Amino acid sequence: MDKQWYTNKDLFEMIQDFTKEVTELKNEMTETKTLIRDYNGLRENINKANKKITGIEKKIDTGTNNRKEYIGYIIAAISILFLILNYLN
């Protein structure tokens with residue numbers, strides 16, 4: 001009835017293998033943590049760049065619209081000047 005399932009040598013080897021696996025897993029988790037941290041930093045930089053690009057695009061769009069609006073005013077002013085000049089002559 002005193003039958004052992006594993007010998008002490010077998011148990012020692014299993015523990016050694018388990019220890020190696022845990023060490024490898026710990027190393028992989030550390031590497032994953034580093035990759036996630038780097039990814040988050042990269043993501044933050046991308047978000048900042050996107051905000052800057054969006055701001056620049058808005059400024060460009062606003063400037064273009066303002067120019068178109070001024071062109072309309074200039075044409076209207078020239079037309080009024082021509083009408084006034086024609087009326088005076």
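1. A patch of negative charge sits on the surface, made up of Asp10, Glu13, Asp17, Glu21, Glu24, Glu28 and Glu31. The model is predicted. Take Glu28 as one of the patch members. Glutamate 28 belongs to helix α1, which spans residues 8-88. Its relative accessible area is 49%. Glutamate 28 is therefore partly exposed, the class between 20% and 50%.

2. Overall fold. The chain has 1 helix and 0 strands. The chain counts 89 residues, and 0% of them are buried. Buried would require a relative accessible area under 20%. The exposed surface of the chain comes to about 9100 Å². Carbon and sulfur atoms account for 62% of that surface.

3. Nonpolar patch. Which residues form a nonpolar patch on the surface? They are Tyr70, Tyr73, Ile74, Ile78, Phe82 and Leu85. Together they offer about 680 Å² of accessible area. Isoleucine 78, one of these residues, is located in helix α1. Its relative accessible area is 41%. Isoleucine 78 thus counts as partly exposed. Patch membership asks for over 30% relative accessible area and no salt bridge, so the 41% of isoleucine 78 passes the area cut-off.

4. Salt bridges. How many salt bridges does the structure hold? The number is 2. One pairs arginine 37 with aspartate 38. Their closest N and O atoms are 4.0 Å apart. The cut-off is within 4 Å, so I would read this pair with the 4.0 Å value in view.

5. Exposure of the first pair. Is arginine 37 buried or exposed? Arginine 37 is exposed, because its relative accessibility is 54% and the exposed class begins over 50%. Aspartate 38, its salt-bridge partner, has a relative accessible area of 46%. Aspartate 38 therefore falls in the partly exposed class.

6. Second pair. Lysine 48 and glutamate 44 also join their side chains in a salt bridge. The N to O distance is 3.6 Å. Both residues lie in helix α1. They are 4 residues apart, about one turn of the helix. Lysine 48 has a relative accessible area of 46% and is partly exposed. Glutamate 44 is likewise partly exposed, with a value of 46%.

7. To sum up the points above: the chain has 1 helix and 0 strands, and 0% of its residues are buried. The surface carries a patch of negative charge that includes Asp10 and Glu31. A nonpolar patch includes Tyr70 and Leu85.

Technical notes: Residues are numbered from 1 along each chain as its sequence is written. This is a predicted model: local features need pLDDT of at least 70, side-chain atom pairs count only at pLDDT 80 or more; totals for chains, interfaces and linings use all residues. Side-chain values use heavy atoms; hydrogens and water are left out. Patches are made of residues with over 30% relative accessible area and no salt bridge: like charges are joined within 9 Å, nonpolar side chains (Val, Leu, Ile, Met, Phe, Trp, Tyr) within 5 Å. Accessible areas come from the Shrake-Rupley method with a 1.4 Å probe; for residues, only the protein chains shown count as cover. Lys and Arg count as positive and Asp and Glu as negative; His and the chain ends are not counted. The place of a charge is taken as NZ of Lys, CZ of Arg, CG of Asp or CD of Glu. Helices (H or I, at least four residues) and strands (E, at least two) are DSSP runs, numbered from the N terminus. Buried means under 20% relative accessible area, exposed over 50%, partly exposed in between (1.4 Å probe, protein chains only).
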